[in-house]
Amino acid sequence: MAAGEDAGSAVSAETAGQHAVSVLLAFGKCLGALLPVYLAGYFGLSLSFVVIGLMVYLGWRQHRDGKQARLNTAMYAQENERDFTTGRLYRSRRDLPAWVNFPDVEKVEWLNKILQQAWPFVGQYLEKLLVETIAPTIRGTSPHLQTFSFTKVDLGDKAMKVVGVKAHTEHDKRQVLLDLYISYAGNVEINVEVKKYFCKAGVKGIQLHGKLRVILEPLIGDVPLVGAITMFFIRRPKLDINWTGLTNLLDIPGVSAVSDTMVMDAIASFLVLPNRLTVPLVADLHVAQLRSPLPRGIVRIHLLEAENLAPKDNFMKGMIAGKSDPYAVLRVGTQAFTSHHVDNNLNPQWREMYEVIVHEVPGQELEVEVFDKDPDQDDFLGRVKLDLGLVKKARVLDEWFTLKDAPSGKVHLRLEWLSLLPSAERLTEVLQRNQNITVSSKTADPPSAAILTVYLDRAQYLPMKKGNKDPSPMVQLSVQDTTKESRTTYGTNNPVWEDAFTFFIQDPRKQDLDIQVKDDDRSLTLGTLSIPLSRLLSSAELNMDQWFQLDSSGPASRISLNVIMRVLWLNEEPTSPVSPEPSSPFPGDGEDGVISEITTGGASVSPTPTRPEKTSPDSSFATEGVLRIHLVEAQNLVAKDNFMGGMVKGKSDPYVKIRVGGLTFKSRVIKENLNPVWNELYEVILTTLPGQEVQFDLYDKDVDQDDFLGRFKLSLSDLISAQYTDQWYTLNDVEKGRVHMKMEWLPKVSDPSRLEQIMRYQSQQSYANKAVPSAAILFVYVERAHGLPLKKSGKEPVAGAELSIKNTSYRTKLADRSTSPCWDETFSFLIHDPSDEMLTIRLFHSWGQPLGAVVVAVKEMLAEPELVLDRWLTLDGALPESQILIRAELRLLDSKLENSGEGTNSSGEVEHMIPRAEPEPAANQEIRQRSVQGGGQAEASGRGQVKLSIAYSTKENRLVITVHACRNLTACSKDGSDPYVSFLLQPDKNRSTKRKTSVKKRDLNPEFNERFDFDLSLEESTHRRLDLSVKNSVSFMSREKELIGKLLLDLNQLDLKAGVSQWFDLTEESS
């Protein structure tokens, strides 16, 4: 009993203590509230100071309570999504989650469960990152922040949610595009403290809502299947932050908007278009091109006029109605333009033109806001938002748009979608059109004929600053009056920028790209470069990707650029007159009031233009290439067919599997042969994606399981840069064996006069697998059809197109139900004989009922300009008006081996030049063909041959000689020879340039592959003579012959800068 009484008295004492503390706290709060009044009276201040302070406090309190209420509501909505959605279903479409608004948006509850389960561990990682990494960094930035610390890091228990995912796979087959609708209403709490100044601040509660676009590209044929992940917000997300501590001041009305805007600006600087966050997953990616890809297109905006605007300039408190002084502000992402204002006019005419870059469609939108110009604050007259995907579909949209959030008013816009063409064939027509626009328009800037994108990669060997100090280089790029700057790379003369810049070009025939590399203080110029844009017009696909030598710089200073031009082409066809009214009866037009559909007469129609004359394919159309693979032979393979437990050695039955671009080729099996000769040809159409490889696997064919004989891989980018290679490749993962391959990335030409020589070369080739080399590649773009017949039931068809040439056929996707379907799909075919092959296009309803067909003879395209057919074709077996719009481009495959016999010797063996002396990036390597010096067969001299690579490396300022191999050497004894190569560069009195290779025992076809460097200038190298001997390694007392053959070669006969790699005949010493 006594113990119970003691416990009860202790509890009552604790309760009394808590009550006393609460009374003291309430008393302290009252004193704190009265303190400002007392201080105002004490210092004789006006009562207005107290009133203003009270108003600020009340405003802060109301704003703070509103934020907290919104946060609590958002948390409730996330936790009780089903009840919340049901309760609001008939109130407002705007409040529904994305998966209810848009049926093609899918719920991903499984992903949200993963996020919820992992959220505590995300919090642990964030706490470790802030405390161990970010806090020390902040403390080191200023002596005033040496006591800075994070006192609390708690992400709370409310995980971020993905309320919907929409996948786009119809735009580009080389990527996957996802739209993630992000919603985060979290009870996160992060507090910081600077103890030195008794300063505490923090955040308690954050809301973030927006649409995050995630792009998985490029898709590659190897693990992890995706080359990189790129993410960004198309529009600024909605942000709401609850501040604590001293940052409570940021919740004061007015200040709150500024603070949230500053935070959003920081987010937008790297996560809102045109900024992107790119995470590469594989090596050798062009990160700058992923971070800043070529635009989807350009929209030319003609701001023409407005009518019936609201009058805002009223006098005598509205008793006398005035007018307005309207002007317009146009925005697309971060691009903004302001028109001139028209005085005292409710029906202004602007007649101005603007051009904007469109990075993402669907998604990006045009926002036009109209204001009345006033001396103090401009009055709002209305706005209109338009999804630019609508402009891309319509090509030309010339409409009156009703202003929203205003009592009256319309604005007249003409919007034109400009496609990006990778050739200059239509440049003259574009320039002529632009002259007419310039005459009829009042805009100060003339219309653009092209855009120029410059990918600034890196520079090398820039000059040093005074005192031999490393510079901090940055680059200024200028086109006419427009100048842009790169970021600064500090303390290096080999900077890497990986930046991208885009310019509008009025006339590429007359304009230049000027580049200046400067130190960060802009006073010291490290190098200059001027590139006339007319050079691009003669480049393949208007693209120059190479190293450029810098002027006014060091002797070896150079800069790596990828300069791409695209001609702006408009399919100018008038659209049907429509009224741009939102089709939805709900208050939210599409997404946030954005016009995403056009209606006429109350019925929703698609804003397609009337019968375009030409197609408008994507800029990536017809960019694929053809890789020709010639599997020749193999040598010295591993014997796998052993008998009696390995006591009796057998051979192997080898075959090869070739994997490239998702395809697999399999050679025939050669029975019981360790040195098989296949002589088989394969061809594959490939897109030049980074990270692709060609993989070769050798196996021994067995009854049960095939045995592994080795493998090797080749980088596709290296093969493309080399154009042609003819090499032996050593097998990996086995003890021995090598394979002889000839591979060529075939150049594409549009000169029909080359066809006869191509066909002649084709007829001379013979391969064991009966393959015939392709003479051309045909690219086909199927855009749309018109006037297709109805189904037997009278309904519109669900149309698809099937394209076929001989045994190769492809199908488009099934279009939406329509008699004028649109596909926008591309296909490619290998053509062996253009005079004999036919392209057949058949249209079907759901791959059943025929809707018509058309046949195009490939030989007819040889008479078309630039070998391009681009027009409407009438369908047979359909209605008289049934037609299909296609673009077909024929490109001849002009192999280097067929050019005037160059590259082959009398034995038919192809030789090539590989400048190994100066290893370059894959995109800049050059492998050139050369014929064998001496012209005869290897046995012609009787002494054999030696293969050398001789080149001068301007990068290393040295002469490089590589001894590759010898062949058909003479035997110096009955056991053969033990050859090695010895040489020196004459004149050399001290024999300081003498070098020799290792010795190869009992081998008349030895391989050395040894490199020797000489520190000589280019001029000095040209005055040297190579004195080379192939010798037999013998003992001092041996009677065997030592010298096998000699080679004397004057280096001034060679192009040392380009490099030479070939077989040289050996001669006797007397020669």
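This report walks through a predicted model of a protein chain, from its overall make-up down to single residues.

## The whole chain

Let's start with the big picture. The protein has 1071 residues, and 47% of them count as buried. Its secondary structure consists of 13 helices and 50 strands. About 53000 Å² of the protein is exposed, and carbon and sulfur atoms supply 53% of that area.

How do the contacts spread along the sequence? Among contacts between residues at least 6 apart in sequence, 65% join residues at least 24 apart.

## Two nonpolar cores

Which residues touch the most other members of the largest nonpolar core? They are Leu-452, Leu-513, Ile-559 and Leu-561, in a core of 36 residues. One helix appears among the elements that give two or more residues to this core: H9 (427-440). The strands that do so are E16 (450-460), E17 (473-479), E19 (496-505), E20 (512-519), E21 (525-532), E22 (543-549) and E23 (558-570). Strand E23 gives the largest share, six residues. A second core, separate from this one, has 35 residues, including Ala-801, Trp-823, Leu-843 and Leu-892.

Now zoom in on Leu-513 to see what surrounds one core member. Leaving aside residues up to four places away in sequence, Leu-513 touches Leu-452, Val-454, Leu-477, Ser-478, Val-479, Leu-529, Ser-530, Ile-531, Leu-533 and Val-563. Two serines, Ser-478 and Ser-530, are on that list.

## A buried glutamate

Glu-189 belongs to strand E3, which covers residues 176-194. Is this glutamate buried or exposed? Its relative accessibility is 16%, and the cut-off for buried is under 20%, so Glu-189 counts as buried.

The side chain of Glu-189 makes a polar contact of 3.1 Å with the side chain of Lys-152. Another polar contact, of 3.5 Å, joins the side chains of Glu-189 and Asn-191. Beyond residues up to four places away in sequence, Glu-189 touches Lys-152, Val-153, Asp-154, Val-203 and Lys-204. Lys-152 therefore turns up both as a polar partner and in this list of touching residues.

## An enclosed strand and a buried serine

Further along the chain, strand E49 spans residues 1043-1050. Why is E49 described as largely enclosed by the rest of the structure? Six of its eight residues are buried. Strand E48 (residues 1025-1032) runs antiparallel to E49, and seven bridges join the two. Within this pairing, Val-1030 stands opposite Gly-1045 in E49.

Ser-721 offers a helical example, as it is found in helix H11 (residues 716-722). With a relative accessible area of 15%, Ser-721 is buried. Trp-745 is 24 residues from Ser-721 along the chain, and the C-alpha atoms of the two are separated by 8.4 Å.

## Backbone surprises in the loops

Most residues other than glycine have a negative phi, and most peptide bonds are trans. Here are some places to look for exceptions. A cis peptide bond links Glu-217 to Pro-218, with omega about -10°. Pro-218 sits in the loop between strand E4 (199-216) and strand E5 (228-233). A cis bond also runs from Gln-986 to Pro-987, where omega is near -5°. Pro-987 lies in the loop between strand E45 (979-986) and strand E46 (995-996).

Positive phi values can be found too. Ser-552, in the loop between E22 and E23, has a phi near 55°. This serine is exposed, with a relative accessible area of 62%. Lys-806 also has a phi near 55°, and it is found in the loop between strand E36 (799-805) and strand E37 (808-811). At 61% relative accessibility, Lys-806 counts as exposed.

## What the record adds

Where does UniProt place the feature "transmembrane region"? The unreviewed entry puts it at residues 37-60 and 214-234. In the model, residues 214-234 are 0% helix and 43% strand. The C-alpha atoms at the two ends of residues 214-234 are 10 Å apart.

Terms used: Residues are numbered from 1 along each chain as its sequence is written. This is a predicted model: local features need pLDDT of at least 70, side-chain atom pairs count only at pLDDT 80 or more; totals for chains, interfaces and linings use all residues. Side-chain values use heavy atoms; hydrogens and water are left out. Helices (H or I, at least four residues) and strands (E, at least two) are DSSP runs, numbered from the N terminus. Buried means under 20% relative accessible area, exposed over 50%, partly exposed in between (1.4 Å probe, protein chains only). A polar contact is a pair of N or O atoms within 3.5 Å; within protein, one must be able to donate a hydrogen and the other to accept it, and residues adjacent in sequence count only if both atoms are side-chain atoms. Contact means heavy atoms within 4.5 Å. A nonpolar core is a set of buried Ala, Val, Leu, Ile, Met, Phe, Trp, Tyr and Cys residues joined through side-chain atoms within 4.5 Å. UniProt positions are given in the numbering used here, feature names are shortened, and annotations may be inferred rather than shown by experiment. Accessible areas come from the Shrake-Rupley method with a 1.4 Å probe; for residues, only the protein chains shown count as cover. Two strands pair if DSSP finds at least two bridges between them.
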